[in-house]
Amino acid sequence: YGRGNFDCDFVINHAELKKINYELEEKTKLFYGFKYLMLREIFFKKFKYHSKKNSVLISFGGTYNPNIKIITDLLIEISFLEKIDIVGHKFPIRKPIRKNLNISIYNELDEIKFTEKIKENNIIICQSSTTALECFVMNKKMIIVKTDENQNLIFDSLIHQKNVIGYNSIN
């Protein structure tokens, strides 16, 4: 995460690095910031969105185990929404919190299907991870949740951006 000695021609980090002091060789060039973001090509395409109002996509990675309480709390708080999509094959909640609440759970989506789910929803709730960066470049409104210290750089870089709200769940 930016610490250590790098003996290379260049270092690329997509985070805004105002807080990090890299130990670089004199010959090494440092490139940082969102203009150097490396994601799958599909996330950089220009999309026409048909987001459903009052809809949210929740994605906290594949395991969810450490995040079950966060997600359960989120579902209770956002139960006024008409549609909630959850991506993650190990998500433990299978019953809607409210009878007329439309919760759909999707397992192991490929990048095209996952991109479609992002486009369909007008708010994305996710960890401050690569998923957050993918949604960011797609100009989605987001709530990013920091669930581990290794997410500091992405979290700190995104919370100052338009359409992004940050929630630090580890403090």
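Me: In this predicted model, buried means a relative accessible area under 20%, exposed means over 50%, and partly exposed is what lies in between. Why is Lys 117 called buried?

Reply: Lys 117 has a relative accessible area of 11%, and the term buried applies under 20%, so Lys 117 is counted as buried.

Me: What makes the link between Lys 117 and Glu 120 a salt bridge?

Reply: The side chains of these two residues meet at 2.9 Å, N to O, while the limit between a Lys or Arg side-chain nitrogen and a carboxyl oxygen of Asp or Glu is 4 Å; the pair of Lys 117 and Glu 120 is therefore a salt bridge. Both residues belong to helix α2, where they are three residues apart, about one turn of the helix. As for why such a spacing suits a pair, an α-helix has 3.6 residues a turn, so residues three or four places apart point the same way.

Me: Why is Glu 120 called partly exposed, when its partner Lys 117 is buried?

Reply: The relative accessibility of Glu 120 is 22%, a value that is neither under 20% nor over 50%, so the in-between term applies.

Me: How many salt bridges does the structure hold, and how do you know that Lys 119 and Glu 116 form one of them?

Reply: The structure holds two salt bridges. Lys 119 and Glu 116 meet through their side chains at 2.8 Å, N to O, and this value is within the 4 Å limit, so the term salt bridge holds for them too. Helix α2 also contains Lys 119 and Glu 116, three residues apart. Lys 119, at 14% relative accessibility, counts as buried, whereas Glu 116, with a relative accessible area of 36%, is partly exposed.

Me: Why is the pair of Phe 10 and Phe 31 called edge-to-face rather than stacked?

Reply: The structure holds two aromatic pairs. In the pair of Phe 10 and Phe 31, the ring centres are 6.2 Å apart and the planes stand at 75 degrees; centres within 6.5 Å make a pair, and planes over 60 degrees apart count as edge-to-face, so both conditions are met. Phe 10 comes from strand β2 (residues 10-13) and Phe 31 from strand β4 (residues 29-32), so the pair ties together parts that are 21 residues apart in sequence. Tyr 36 joins Phe 10 and Phe 31 in one aromatic cluster.

Me: What makes Phe 10 and Phe 31 partly exposed?

Reply: Phe 10 has a relative accessible area of 47% and Phe 31 one of 29%, and both values fall between the cut-offs of 20% and 50%, so neither residue is called buried or exposed. By contrast, Val 11, which also lies in strand β2, is buried, with a relative accessible area of 9%.

Me: How do you know that the side chains of Gln 127 and Thr 147 make a polar contact?

Reply: The contact between these side chains is 3.1 Å, and the limit for a pair of N or O atoms is 3.5 Å, so the distance falls within the cut-off. Gln 127 is placed in strand β8 (residues 121-127) and counts as buried at 14% relative accessibility.

Me: Why is helix α3 described as mostly covered?

Reply: Six of the eight residues of α3 (residues 130-137) are buried, among them Thr 131, Leu 133, Glu 134 and Phe 136. In the largest nonpolar core, which has 22 residues and in which Leu 133 is one of those with the most contacts, α3 gives the most, with four residues.

Me: What makes Asn 139 exposed and Asn 163 partly exposed?

Reply: Asn 139 has a relative accessibility of 61%, which is over 50%, so the term exposed applies; Asn 163, with a relative accessible area of 31%, falls between 20% and 50%, so the term is partly exposed. Asn 139 sits in the loop between α3 and β9, and Asn 163 in the loop between α4 and β10. Each has a positive phi in a residue other than glycine, near 60 degrees for Asn 139 and near 70 degrees for Asn 163.

How values were computed:
Residues numbered from 1 in each chain as written. Predicted model: local features only at pLDDT ≥ 70, side-chain atom pairs only at ≥ 80, totals over all residues. Heavy atoms only, no water. Phe/Tyr/Trp six-rings, centres within 6.5 Å; stacked < 30°, edge-to-face > 60°. Helix = DSSP H or I, 4+ residues; strand = E, 2+ residues; numbered from the N terminus. Buried < 20%, exposed > 50% of the residue type's maximum accessible area, 1.4 Å probe, protein only. Polar contact = N/O pair within 3.5 Å; in protein donor to acceptor, adjacent residues only side chain to side chain. Core = buried A, V, L, I, M, F, W, Y, C linked by side-chain atoms within 4.5 Å.
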